[in-house]
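Colleague: I should like a close look at one part of this predicted model, namely the surroundings of ligand 2. Which residues surround ligand 2, and which side chains have an N or O atom close to one of its oxygen atoms?

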Amino acid sequence: MTDASYRDAIFTTPLDRVASFSFDERVVACFPDMIRRSVPGYGQILGMLGEIAARHLRHGGHVYDLGCSLGAVGLALAGRLAPDAFTLTGVDLSPAMVERARATFSDECPEHRIEIVECDIRHLDYRPASMIVLNFTLQFLAPGDREALIDKLFAALEPGGVLVLSEKIVAADEQENAWLVERYHDFKRANGYSDMEISQKRTALENVLVPDTLEAHHARLSRAGFSRVTTWFQYLNFASMIAFKD
Ligand SMILES: Nc1ncnc2c1ncn2[C@@H]1O[C@H](C[S@+](CC[C@H]([NH3+])C(=O)[O-])CC(=O)[O-])[C@@H](O)[C@H]1O
Ligand SMILES: O=C(O)C(=O)Cc1ccccc1
């Protein structure tokens, strides 16, 4: 059984000291529930990734899913496209994530050509790709490492290729940001998280998940050489962009 998933109860008890958030076994065990209840629009983004792939991916082209966690992006593409339509490499640094993602793909879509690599996306030797997805992963890299990775991904993309970048974002205007964060906390409360869980998770993510502004993302993508960048989705302080390489 590869799809066992528990309810996220990681921050339900008060802690004397909240440790930094990490993608360990406990998080992996409840990850599908955590991400669904914590990321506004997560399911809609996955559904649209299938449609974006159907439109933009060269037939038989290669896809990278960077920070693939349990493989949700690969599963969305495999649900939308035939096995001969693409090959995919999912990459994640967390051994617990990689182990479960591999089991899921061999159980659920053995015909699709999907491999999972345990590696740091900053150090991977990229082969030419038609589509690259960073679905809520760049935000976990040290801010100083982000530009070099985007440059590397631009170089790996074939002409006509696309990069999809989904991120938690911060608004430059303090009042706007405060409103978005408050409504995001309402979103989490409505999804069953208590004030204590919300507050302890926020502490655990400090200096671990460091969001950029949408403007910073667009500027970085343009600097790397992408000819067009479109924010195609935003729900509160979560957004997804698509960048096109000519
Ligand atoms: N340097 C790194 N190299 C490789 N992996 C990394 C690195 N840093 C973090 N990760 C991995 O990036 C993933 C981020 S989760 C992505 C969700 C998924 N995309 C989804 O669509 O379900 C987002 C979230 O939990 O908010 C984790 O699995 C980390 O181990
Ligand atoms: O829960 C949060 O506060 C988030 O920002 C989203 C999230 C989801 C899963 C792991 C880490 C962060």
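Modeller: A polar contact here is a pair of N or O atoms within 3.5 Å. By that criterion, the side chain of Lys188 qualifies, because one of its N or O atoms is 2.6 Å from an oxygen atom of ligand 2. Two further lysines have side-chain N or O atoms at 2.7 Å from an oxygen atom of the ligand: Lys168 and Lys201. Taken alone, ligand 2 exposes 310 Å², of which the protein buries 95%. The space that the ligand takes is the largest pocket.

Three elements each give two or more residues to the shell around ligand 2: α1 (25-38), α6 (174-190) and α7 (195-205). The residues that surround the ligand, in sequence order, are Phe21, Met34, Ser38, Phe140, Lys168, Tyr184, Lys188, Lys201, Leu205, Leu209 and Phe238. By class, seven residues of this shell are nonpolar, one is polar and three are charged. The three charged residues are Lys168, Lys188 and Lys201, because lysine counts as charged, and Ser38 is the polar one.

An annotation may be set beside this picture. The unreviewed UniProt entry lists residues 63-161 as "domain: Methyltransferase", and Phe140, from the shell around ligand 2, falls within that range. In the model, the span 63-161 is 37% helix and 29% strand, and its end C-alpha atoms lie 10 Å apart.

Methods: Residues are numbered from 1 along each chain as its sequence is written. Chains are lettered from A and ligands numbered from 1 in the order in which they are written. This is a predicted model: local features need pLDDT of at least 70, side-chain atom pairs count only at pLDDT 80 or more; totals for chains, interfaces and linings use all residues. Side-chain values use heavy atoms; hydrogens and water are left out. UniProt positions are given in the numbering used here, feature names are shortened, and annotations may be inferred rather than shown by experiment. Helices (H or I, at least four residues) and strands (E, at least two) are DSSP runs, numbered from the N terminus. A residue is near a molecule or strand if one of its heavy atoms lies within 4 Å of it. A polar contact is a pair of N or O atoms within 3.5 Å; within protein, one must be able to donate a hydrogen and the other to accept it, and residues adjacent in sequence count only if both atoms are side-chain atoms. Accessible areas come from the Shrake-Rupley method with a 1.4 Å probe; for residues, only the protein chains shown count as cover. On a 1 Å grid over the protein atoms alone, a cavity is a set of points where a 1.4 Å probe fits but cannot get out, and a pocket is an open set with protein on both sides within 12 Å along at least five of seven lines; lining residues have an atom within 4 Å of a point. A molecule sits in a cavity or pocket if more than half of its atoms lie within 2 Å of its grid points.
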